[in-house]
Amino acid sequence: MPAIHPITPSVARDPSIHSSHANAPTVLRTQGLEVTYDNGTRALLPTSLEFAQGEFIVLLGASGAGKSTLLRSLNGLIRPGAGQVIATGTGDLSDPAHLRNHRRKTGMIFQQHHLIGRLSVLANVLTGRLGYHSLLATLAPWSRAEKESALAALDRVGLLDRALDRADQLSGGQQQRVGVARALVQEPRVLLADEPVASLDPATAERLLSLLHGICKSDGLTLIVSLHQVEFAKQFADRIVGLHAGSVVFDGAPAALTPERAQSLYGTQSSSSLKQTPHNVINFQPAGALS
């Protein structure tokens with residue numbers, strides 16, 4: 001198996017293989033980002049990356065490689081032990097005010113849908129607007145404009161006809177599309193998707209990734225998605241960031257990910273320790289986690 005060597009910032013990306021985004025503005029970046037777990041394991045080694053507007057980025061690697069740790073750090077769901085996450089136009093996410101502003105414009109799609117089963121599909125989508133409401137305003141009825149926005153998002157993901165159904169009456173793939181619609185009503189500039197197809201069959205997974213890819217391109221959103229499947233990464237990504245044991249070991253165009261390089265991402269490692277809960281994980285309830 002090929003040896004694995006972490007990339008350095010000076011060779012992290014080759015602009016010639018990202019020509020479609022070479023001149024796009026950076027919307028999010030990390031500088032020396034590190035995350036350490038309670039047992040002392042460094043889940044994410046110093047990582048410096050930039051993410052451009054309109055770019056579809058896949059974080060690829062084995063379980064425990066650091067994909068979810070990196071992804072959740074980009075939205076402040078895990079606090080780094082060192083380094084920074086900086087959102088263009090907002091600032092360093094270690095500042096609570098900057099973090100709130102960043103989260104308002106960052107949609108999050110989870111592997112587990114985090115829907116409220118007893119509520120309607122429409123009600124679940126509307127919870128994506130909670131970041132724009134004060135505490136008192138959350139007690140008021142949704143505005144007509146917000147309802148129209150939620151219905152438009154459901155139409156976009158092909159679920160307008162299920163708007164009034166209970167969320168727990170939908171299939172897994174449909175529930176995941178509700179999660180996409182919920183993210184869209186935030187009017188995001190960044191979408192983060194943490195293993196969104198892990199529990200879906202291949203055909204449904206491909207349809208969901210195709211939907212996300214279309215949204216990314218039509219809306220000019222930055223989409224960062226963590227995946228296990230090399231074939232999906234090569235099919236949909238503009239750029240693949242490969243991680244192994246907490247380090248970025250590949251950062252390039254899908255065409256540059258040779259079978260040998262792909263195999264190196266899945267080298268033998270003890271991933272059990274990386275699955276421990278870090279002390280700096282924030283207990284997070286997605287927008288609209290109503291009782």
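## A tour of the sheets and one loop

Start by selecting Leu60 and Leu227: Leu227, in β8, is the bridge partner of Leu60. What you have open is a predicted model.

Now widen the selection to residues 56-60 and residues 222-227. These are strand β3 and strand β8. They pair in the parallel sense, over 5 bridges. Strands of a sheet pair through backbone hydrogen bonds, either parallel or antiparallel.

**The open sheet**

Next, show the whole sheet around that pair. It is open, has 6 strands and mixed pairing. Follow the order across it: β6-β7-β8-β3-β9-β10. Which strands stand at the edges? Select 106-109 for β6 and 247-252 for β10. Each of these two has a single partner strand, so one side of each is left without a neighbour in the sheet. Turn the view and follow the twist, which averages 15° from one strand to the next.

Add α5, residues 172-184. This helix lies across β6 and β7. Its direction is at about 170° to β6.

**The loop after α5**

Stay with α5 and move on to the loop that leads to β7 (190-194). Select Gln186, which is found in this loop. Is Gln186 buried or exposed? Its relative accessibility is 11%, so it counts as buried, given that buried means under 20%.

Show what surrounds Gln186. One group of residues it touches is Arg103, Arg104, Lys105, Thr106, Gly107 and Met108. Gly128, Arg129 and Tyr132 are also touched by Gln186. Residues up to four places away in sequence are left out of that list. Then draw a distance from the side chain of Gln186 to the backbone oxygen of Arg104: it comes to 3.4 Å.

Now pick Glu187, also in the loop between α5 and β7. Glu187 is not a glycine, yet it has a positive phi of about 55°. Its relative accessibility is 44%, so Glu187 counts as partly exposed.

Cross β7 and stop at Glu195. You are now in the loop between β7 and α6 (202-219). Glu195 has a positive phi of about 50°, and it is not a glycine either. Is Glu195 buried or exposed? At 7% relative accessibility, Glu195 counts as buried.

**The hairpin and β4**

Go to residues 26-36 and residues 42-52. These are β1 and β2, which run antiparallel and are joined by 7 bridges. For one pairing, select Leu28 in the viewer along with Phe51: Phe51, in β2, is the bridge partner of Leu28.

Where β1 turns into β2, the hairpin has 5 residues between the strands. Select Gly40 in this hairpin. Gly40 takes a positive phi near 95°.

Keep β1 on screen and add residues 82-87, strand β4. β1 and β4 run antiparallel, with 5 bridges between them. Which residue in β4 is the bridge partner of Gln31? Select Gln84 to see it.

**The whole chain**

Finish by selecting everything. The protein chain has 8 helices and 10 strands. Of its 291 residues, 49% are buried.

Look also at how the chain meets itself. Take the contacts between residues at least 6 apart in sequence: 75% of them join residues at least 24 apart.

Last, switch on the surface. The protein chain exposes about 13,000 Å². Carbon and sulfur atoms supply 52% of that area.

Note on methods: Residues numbered from 1 in each chain as written. Predicted model: local features only at pLDDT ≥ 70, side-chain atom pairs only at ≥ 80, totals over all residues. Heavy atoms only, no water. Helix = DSSP H or I, 4+ residues; strand = E, 2+ residues; numbered from the N terminus. Buried < 20%, exposed > 50% of the residue type's maximum accessible area, 1.4 Å probe, protein only. Polar contact = N/O pair within 3.5 Å; in protein donor to acceptor, adjacent residues only side chain to side chain. Contact = heavy atoms within 4.5 Å. Pairing = 2+ DSSP bridges. Axes fitted to C-alpha atoms, helices over the stretch in contact; angles between N-to-C directions. Areas by Shrake-Rupley, 256 points an atom, 1.4 Å probe, with all protein chains shown as cover.
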